[in-house]
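Biologist: I am new to reading structures. Could you take me through one, feature by feature?

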Amino acid sequence: MRYLHRVIFGDTDQMGIVYYANYYRFFEAARAEYLRALGKSYRDLVAMDVALPVVESHCNYKRPAYFEDVLAIDTHISKLRGASLTFSYEVRRDEALLATGHT
């Protein structure tokens with residue numbers, strides 16, 4: 001599943017580069033979009049008493065992203081166990097890999 005995000009000025013630091021912690025916001029948006037593509041939203045899951053707490057997160061930064069870049073965040077479930085799952089992410093600008101991560 002691919003989620004697109006255009007970098008806004010507020011996503012960047014004083015050097016004009018996307019602030020590192022904002023990648024986790026991008027991951028969250030991509031994760032929510034992934035669930036919507038499956039026909040459920042976080043709101044639906046809460047109504048069904050299903051919780052998806054993030055208990056671990058990781059991001060590996062490879063190249064910087066800048067104001068006005070359009071980022072493509074590819075999301076998939078990389079591990080699925082009885083009571084847990086892991087979402088994995090690849091962040092690209094055009095086809096250049098900028099970051100990878102998981103939650």
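Modeller: Let us start with a loop. Aspartate 94 sits in the loop between S4 and S5. Keep in mind that this is a predicted model.

Biologist: Is aspartate 94 buried or exposed?

Modeller: Aspartate 94 has a relative accessible area of 65%. Exposed means over 50%, so aspartate 94 is exposed. Its backbone is worth a look too. Aspartate 94 has a positive phi of about 55°, although it is not a glycine.

Biologist: Which other aspartate has a positive phi although it is not a glycine?

Modeller: Aspartate 49, with a phi of about 60°. Aspartate 49 lies in the loop between H2 and S2. Aspartate 49 counts as exposed, at 73% relative accessibility. For a glycine, look just after H1: glycine 39 takes a positive phi of about 95°.

Biologist: Now helices. How do I read the length of H1?

Modeller: Compare the span with the expected one. Helix H1 covers residues 22–37, which is 16 residues. From its first C-alpha to its last, H1 reaches 23 Å. The expected value at 1.5 Å a residue is 22 Å, and the span is close to that.

Biologist: Which residues of H1 are buried?

Modeller: Asn22, Tyr23, Phe26, Phe27, Ala30, Arg31, Ala32, Tyr34 and Leu35. Next, ask what covers them. The cover includes strand S1 (2–6), helix H2 (42–47) and strand S2 (58–61). It also includes S3, S4 and strand S5 (96–102).

Biologist: Take one residue from H2. What does leucine 45 touch?

Modeller: Leucine 45 is in helix H2. Set aside residues up to four places away in sequence, and leucine 45 touches Leu35, Val50 and Leu52. Leucine 45 has a relative accessible area of 11%. Buried means under 20%, so leucine 45 is buried. Now a distance across the model: the C-alpha atoms of leucine 45 and glutamate 90 are 25 Å apart, and the two residues are 45 apart along the chain.

Biologist: And in a loop? Is valine 18 buried or exposed?

Modeller: Valine 18 is buried, with a relative accessible area of 5%. Valine 18 lies in the loop between S1 and H1. Leave aside its neighbours within four places in sequence. Valine 18 is then in contact with Val7, Asp11, Thr12, Tyr23, Phe26, Ala65 and Tyr66. Valine 18 and glycine 101 are 83 residues apart in sequence and 15 Å apart in space, C-alpha to C-alpha.

Biologist: How do I read a pair of aromatic rings?

Modeller: A ring pair is described by the distance of the centres and the angle of the planes. The whole structure has seven aromatic pairs. In one of them, tyrosine 34 and phenylalanine 87 have ring centres 5.7 Å apart and planes at 85°, so the pair is edge-to-face. This pair links distant parts of the chain: tyrosine 34 is in helix H1, phenylalanine 87 is in strand S4, and they are 53 residues apart. Tyrosine 34 and phenylalanine 87 are both buried.

Biologist: Which residues do ring pairs link into a cluster?

Modeller: Tyr23, Phe26 and Tyr61. You met Tyr23 and Phe26 among the contacts of valine 18.

Biologist: Back to phenylalanine 87. What is it in contact with?

Modeller: Again, leave aside neighbours within four places in sequence. Phenylalanine 87 is in contact with Arg31, Tyr34, Leu35, Thr75, His76, Ile77, Ser78, Gly101, His102 and Thr103. Phenylalanine 87 counts as buried, at 4% relative accessibility. Its C-alpha lies 11 Å from that of alanine 32, a residue 55 places away along the chain.

Biologist: Last topic: empty space. How is a pocket found?

Modeller: Rolling a probe the size of a water molecule over the atoms shows where empty space is left. Here, the largest pocket has a volume of about 470 Å³. It is lined by 20 residues, and the closest to its centre are Pro53, Val55, Ser84, Leu85 and Thr86.

Biologist: Which strands each supply at least two residues of the lining of the largest pocket?

Modeller: Strand S3 (70–80) and strand S4 (85–93). S4 gives the largest share, three residues.

Biologist: How many residues of that lining are nonpolar, polar and charged?

Modeller: Eleven are nonpolar, five polar and four charged.

Definitions and conventions. Residues are numbered from 1 along each chain as its sequence is written. This is a predicted model: local features need pLDDT of at least 70, side-chain atom pairs count only at pLDDT 80 or more; totals for chains, interfaces and linings use all residues. Side-chain values use heavy atoms; hydrogens and water are left out. On a 1 Å grid over the protein atoms alone, a cavity is a set of points where a 1.4 Å probe fits but cannot get out, and a pocket is an open set with protein on both sides within 12 Å along at least five of seven lines; lining residues have an atom within 4 Å of a point. Grid points are joined across faces, edges and corners, and a volume is the space filled by probe spheres set on the points. Helices (H or I, at least four residues) and strands (E, at least two) are DSSP runs, numbered from the N terminus. Ala, Val, Leu, Ile, Met, Phe, Trp, Tyr, Cys and Pro count as nonpolar, Asp, Glu, Lys and Arg as charged, and the others, Gly among them, as polar. The expected span of a helix is 1.5 Å times one less than its number of residues. Buried means under 20% relative accessible area, exposed over 50%, partly exposed in between (1.4 Å probe, protein chains only). Contact means heavy atoms within 4.5 Å. Rings of Phe, Tyr and Trp (its six-membered ring) pair if their centres lie within 6.5 Å; planes under 30 degrees apart count as stacked, over 60 as edge-to-face and the rest as tilted.
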